[in-house]
Amino acid sequence: MLKISNLHATVDGKEILRGLDLEVGAGEVHAIMGPNGSGKSTLGNVITGREGYEVTEGSVTYQGKDLLELSPEERACEGVFLAFQYPVEIPGVNNTYFLRAALNAQRKHRGEEELDSVAFLKLVREKLEVLHIGDELLHRAVNEGFSGGEKKRNEIFQMAVLEPRLAILDETDSGLDIDALRTVAEGVNRLRSPDRAMVLVTHYQRLLDHIEPDRVHVLANGRIVASGGPGLARRLEEEGYAWLDEGGIAEVAEAS
Amino acid sequence: MNAPATTLAQRIGEQLAREPAENGLPRWARELAARDRARFLDHGLPHRRLEAWKYTPLDARPAPGEAQSPVDGFDAGEGVLVRLVNGAPQELPAGLPEGVRLRTIADELAEAPEDLRAALESIDTESPADVMTALNNADLGGGLVLRVARDVDAGQLVLCWRDTAQAPALANARVLVWLEEGARLDLVEDFAPGRALNVVQQFHLAPGSRLRHARLQAGLDASWLVTRTEVSQAGHSVFEQASLDIGDGLARHDLGVRLAGSGAACTALGAYLPGGEAHVDHHLDVRHEATDCHSTQTFRGVLQDRGRAVFNGRVHVLPGADGSEAHQSNKNLLLSHDAEVDTKPELVIEADEVVASHGATVGALDDKAVFYLRSRGIGEPEARRMLTGAFCREVIEAIGIDAARDAFLARLESHLEVRP
Ligand SMILES: Nc1ncnc2c1ncn2[C@@H]1O[C@H](COP(=O)(O)OP(=O)(O)OP(=O)(O)O)[C@@H](O)[C@H]1O
Ligand SMILES: [Mg+2]
């Protein structure tokens with residue numbers, strides 16, 4: 001589904017990603033962990049096409065297409081979704097209005113009929129119910145004045161409505177209370193299917209207690225330096241990243 | 001034979017000489033008109049050496065266009081509609097509620113009530129900066145007078161201003177409103193000038209009265225709309241003004257408010273979106289003269305193409321106006337390199353225990369927000385439109401007159417469709 005080869009990317013002329021390789025197959029859930037500043041969010045931004053992130057080498061292929069050729073909105077319409085580490089506040093744009101515009105843009109792209117407001121509200125209510133989210137977020141401006149946890153929930157809610165093929169969750173579990181964490185896990189697990197893939201960027205094992213990943217990767221210094229099974233995440237939680245520097249890559253097989 | 005007129009000022013001068021407006025007016029009004037005609041001929045149109053007009057020098061503008069206005073206009077709904085063609089009121093509606101009197105200024109002048117005289121003479125026109133008011137006085141006799149009696153709710157009055165091919169080079173009109181104690185009025189104005197229109201308005205709010213004033217300006221290419229609105233507010237009166245400027249021509253709005261009685265409140269909201277060659281200039285002058293008055297001005301500008309905007313907001317809290325509260329905000333989105341905005345908020349506080357805030361910004365759309373919307377599948381033009389609309393909607397949504405708010409929001413939406 002997603003194949004990243006030898007990806008090099010710069011921000012403001014500074015190289016952040018330095019030869020990153022990653023392959024995520026359909027139906028798989030991968031976790032990416034790694035120290036602060038290692039390039040995890042940068043990877044998400046490059047995959048979604050944010051301006052200012054320049055790819056200098058390598059390729060990103062998604063469902064057989066060159067993803068880097070597409071605009072951010074085309075990528076979204078093709079099913080790529082990023083739950084932002086820091087969701088943006090957009091005063092004056094109603095959350096429901098925004099999400100309907102987004103869904104309809106995607107439906108239009110796929111040649112499907114646009115949803116009128118009645119059909120859309122029905123869909124929205126269903127999603128809110130399964131995620132146990134109250135509907136007060138609907139009436140407010142996008143993320144405006146939302147608490148940290150509410151913003152993260154809103155990202156998951158958007159994901160549930162848009163039903164992406166490839167979802168990247170950038171620290172969506174950070175700063176969440178137990179209930180909100182369940183909401184996130186619920187959102188991911190409900191979306192899990194043989195034709196979708198997910199990448200969870202996280203610093204903590206606790207999200208992975210709810211969502212069993214197929215693969216765990218360690219991103220450091222702009223590259224994937226270790227990969228393994230779910231056991232790798234537990235080991236990182238206990239021991240941190242220092243052991244990786246001491247030639248730990250060889251041990252990874254053991255850890256998984 | 002006279003040489004043919006070359007400048008607009010000369011054409012206006014000829015126009016004034018051709019149609020002496022003084023006919024049938026009381027003597028004081030004839031004198032006022034004659035004095036101010038001389039002032040206009042002396043000063044000419046406002047020029048850039050006048051501080052108040054330096055960004056909007058009318059003398060240096062291309063002469064106003066000669067387009068005809070579209071006929072359609074604001075749907076008055078249950079309100080009363082008056083059409084003003086080339087600045088002149090057409091048939092006045094019959095059957096107004098008891099306690100509401102609407103007449104032409106010519107009819108009122110014939111009776112020459114003292115308050116009318118005091119009002120007309122109250123604006124000092126000696127300075128060249130006030131020459132557009134002098135010009136308005138010189139052409140006295142056109143316009144409306146509305147009086148609402150004590151505790152009467154006059155409902156909604158819509159003034160629909162339109163020009164035809166017969167419009168003079170520049171038309172003058174006057175609108176005077178008196179609200180007695182506790183009276184209420186919603187005044188909606190729909191301006192779509194094709195040429196040049198110079199309107200002076202004077203609103204008198206007695207204690208406890210409320211005037212809500214919503215103004216749409218959708219002038220045609222190269223048209224001019226010059227308005228001056230002078231409001232005097234007695235104790236606990238409320239004045240709420242909102243304007244939306246989406247025209248293709250020039251608009252200059254002067255708003256002067258005197259908070260003269262304790263507890264009076266005034267709000268001015270505005271959104272302006274000049275694109276193409278359009279030009280919008282707001283000059284505000286709010287004076288807190290009494291204790292415990294509130295004033296708020298919130299203005300949002302979106303500038304595209306070679307659009308030009310000026311915001312000059314002066315709030316003056318005079319000595320003794322203790323307990324005043326004054327807030328002013330002007331934010332602008334500059335969406336083109338060729339557009340320009342000059343903003344100057346000005347707060348002068350000479351009283352005690354005053355709560356005040358003011359701020360002005362000029363910026364671009366938030367890239368992070370644009371990307372957030374695009375990352376969800378919304379195309380870039382649509383994303384920009386959503387953000388631009390949101391920026392202006394904030395003020396339009398605050399309009400208290402329901403019908404005006406809905407109509408203005410719809411106009412804003414369709415304006416953004418055409419000009420993302
Ligand atoms: N716009 C930018 N301008 C300059 N430097 C940037 C920019 N964006 C990211 N960086 C730098 O790139 C590096 C990687 O940042 P990134 O946000 O990808 O890290 P991360 O792995 O997501 O970290 P965290 O775990 O703290 O979220 C950091 O050193 C960061 O300062
Ligand atoms: Mg990050």
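Helices (H or I, at least four residues) and strands (E, at least two) are DSSP runs, numbered from the N terminus. This is a predicted model, where local features need pLDDT of at least 70 and side-chain atom pairs count only at pLDDT 80 or more, while totals for chains, interfaces and linings use all residues; side-chain values use heavy atoms, with hydrogens and water left out. Residues are numbered from 1 along each chain as its sequence is written, and chains are lettered from A and ligands numbered from 1 in the order in which they are written.

**The largest pocket**
- A pocket is an open set of points on a 1 Å grid over the protein atoms alone, where a 1.4 Å probe fits, with protein on both sides within 12 Å along at least five of seven lines; its lining residues have an atom within 4 Å of a point.
- The largest one has a volume (the space filled by probe spheres set on the points) of about 870 Å³.
- It has 42 lining residues, and the closest to its centre are B:Asp130, B:Arg228, B:Glu230, B:Asp254 and B:Asp285.
- Several chain B elements each supply at least two residues of this lining, including helix H5 (131-138), strand E8 (196-205) and strand E10 (224-233).
- Sorted by type, the lining has 16 nonpolar, 11 polar and 15 charged residues. Here Ala, Val, Leu, Ile, Met, Phe, Trp, Tyr, Cys and Pro count as nonpolar, Asp, Glu, Lys and Arg as charged, and the others, Gly among them, as polar.

**The second largest pocket**
- This one holds about 420 Å³ of space.
- Its lining has 21 residues, and nearest its centre you'll find A:Pro91, B:Leu333, B:Leu387, B:Ala390 and B:Phe391.
- H7(B) gives the most to this lining, with 4 residues.
- By type, the lining splits into 10 nonpolar, 4 polar and 7 charged residues.

**Around ligand 1**
- Ligand 1 has 16 residues around it (each with a heavy atom within 4 Å), and the closest are A:Gly37, A:Lys40, A:Ser41, A:Thr42 and A:His203.
- A polar backbone atom of A:Gly37 sits 2.8 Å from an oxygen atom of the ligand.
- For A:Ser38, a backbone N or O atom is 3.2 Å from a ligand oxygen atom.

**Helix H5 of chain A**
- The 15 residues of this helix (148-162) should span 21 Å at 1.5 Å a residue (times one less than the number of residues), and its end C-alpha atoms are indeed 21 Å apart.
- Of those 15 residues, 13 are buried (under 20% relative accessible area, 1.4 Å probe, protein chains only).
- Right after H5(A) comes A:Glu163, with a positive phi near 45°.

Definitions and conventions:
Buried means under 20% relative accessible area, exposed over 50%, partly exposed in between (1.4 Å probe, protein chains only). A polar contact is a pair of N or O atoms within 3.5 Å; within protein, one must be able to donate a hydrogen and the other to accept it, and residues adjacent in sequence count only if both atoms are side-chain atoms.
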